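Hi,

Here is the structure I promised to pass on. Have a look at it first, and then read my notes below.

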Amino acid sequence: MFSIIFSASSIARDKPVVVFDSQDIYDQSKLCWYDNKRYTEGAIIQIGQSELVCAAKHTHFNNSELSWLRIDKDGNIMRPRPAKTIRVN
């Protein structure tokens with residue numbers, strides 16, 4: 001472990017300071033990617049004739065990862081239908 005100490009005179013006052021939450025680096029599931037660009041929840045992109053929105057993949061989970069979902073002509077998100085499963089006990 002090491003520390004870096006800056007004196008007040010060594011920091012330029014006219015340069016912008018970029019501040020980000022370090023959690024963003026590790027939490028890639030909360031992003032949608034397209035064309036090497038990252039998008040946050042609610043972002044809408046147009047690909048050909050289709051509009052896509054970056055939205056929660058599973059609405060019944062609070063911490064669901066984000067995914068690109070289609071938007072219909074009325075502006076509603078078209079979610080994929082859950083797969084039918086057979087349970088055997």
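A definition before anything else: I call a residue buried when its relative accessible area is under 20%, and exposed when that area is over 50%. By that cut-off, five of the seven residues of β4 are buried, so the strand is largely enclosed by the rest of the structure. Please keep in mind that this is a predicted model.

**The overall layout**

The protein chain has one helix and six strands, and along the sequence they come in the pattern α-β-β-β-β-β-β. Of its 89 residues, 17% count as buried. As for contacts with a separation of 6 or more, 21% of them are between residues 24 or more positions apart.

**The sheet**

Four of the strands make an open sheet, ordered β3-β4-β5-β6, with antiparallel pairing. At the edges stand β3 (44-47) and β6 (77-78); each has a single partner strand, so one side of each is left without a neighbour in the sheet.

Going through the pairs in order:

- β3 and β4 are antiparallel, with four bridges between them. I44 has V53 in β4 as its bridge partner. The two strands form a hairpin with two residues in between, and G48 in that turn has a positive phi of about 60 degrees.
- β4 (residues 50-56) and β5 (residues 66-71) also run antiparallel, joined by six bridges. Here A55 stands opposite S67, and A56 has L66 as its bridge partner.
- β5 and β6 pair over two bridges, again in the antiparallel sense. R70 is opposite M78 in β6. This is a hairpin too, with five residues between the strands, and G75 in the turn has a positive phi of about 90 degrees.

Like β4, strand β5 is mostly covered: five of its six residues are buried, while β4 has five of seven in that class.

**Around C54**

What does C54, in strand β4, have around it? Its bridge partner in β5 is W68. With a relative accessibility of 1%, C54 falls under the 20% cut-off, so it counts as buried. Leaving aside neighbours within four places in sequence, C54 is in contact with L66, S67 and W68, and also with C32, Y39, T40, E41, G42 and A43. For G42, the C-alpha atom is 5.3 Å from that of C54, although the two residues are twelve apart along the chain.

**The aromatic pair**

Two of those contacts of C54, Y39 and W68, come up again here. A search of the whole structure turns up one aromatic pair, and it is formed by Y39 and W68 in an edge-to-face arrangement, with 5.5 Å centre to centre and 70 degrees between the planes. The pair links distant parts of the chain: Y39 is in strand β2 (residues 37-39) and W68 in strand β5, 29 residues apart. Buried or exposed, where does Y39 fall? Neither, as it happens: its relative accessible area is 22%, so Y39 counts as partly exposed.

**The loop between β1 and β2**

Have a look at the backbone here as well. D35 sits in the loop between β1 (32-34) and β2, and its phi is near 55 degrees, a positive value in a residue other than glycine. N36 lies in that loop as well; this residue is not a glycine either, yet its phi is positive, at about 60 degrees. Both side by side on accessibility: D35 is exposed at 58%, and N36 is exposed at 76%.

**The largest pocket**

Last item. The largest pocket has a volume of about 190 Å³. Its lining is made up of K57, H58, T59, H60, R79, P80, R81 and P82. By class, that gives two nonpolar, three polar and three charged residues.

If you only have a few minutes, I would start with C54: buried at 1% relative accessibility, bridged to W68 in β5, and in contact with Y39, the residue that pairs edge-to-face with W68.

Cheers

Definitions and conventions: Residues are numbered from 1 along each chain as its sequence is written. This is a predicted model: local features need pLDDT of at least 70, side-chain atom pairs count only at pLDDT 80 or more; totals for chains, interfaces and linings use all residues. Side-chain values use heavy atoms; hydrogens and water are left out. Two strands pair if DSSP finds at least two bridges between them. Buried means under 20% relative accessible area, exposed over 50%, partly exposed in between (1.4 Å probe, protein chains only). Contact means heavy atoms within 4.5 Å. On a 1 Å grid over the protein atoms alone, a cavity is a set of points where a 1.4 Å probe fits but cannot get out, and a pocket is an open set with protein on both sides within 12 Å along at least five of seven lines; lining residues have an atom within 4 Å of a point. Grid points are joined across faces, edges and corners, and a volume is the space filled by probe spheres set on the points. Ala, Val, Leu, Ile, Met, Phe, Trp, Tyr, Cys and Pro count as nonpolar, Asp, Glu, Lys and Arg as charged, and the others, Gly among them, as polar. Rings of Phe, Tyr and Trp (its six-membered ring) pair if their centres lie within 6.5 Å; planes under 30 degrees apart count as stacked, over 60 as edge-to-face and the rest as tilted.
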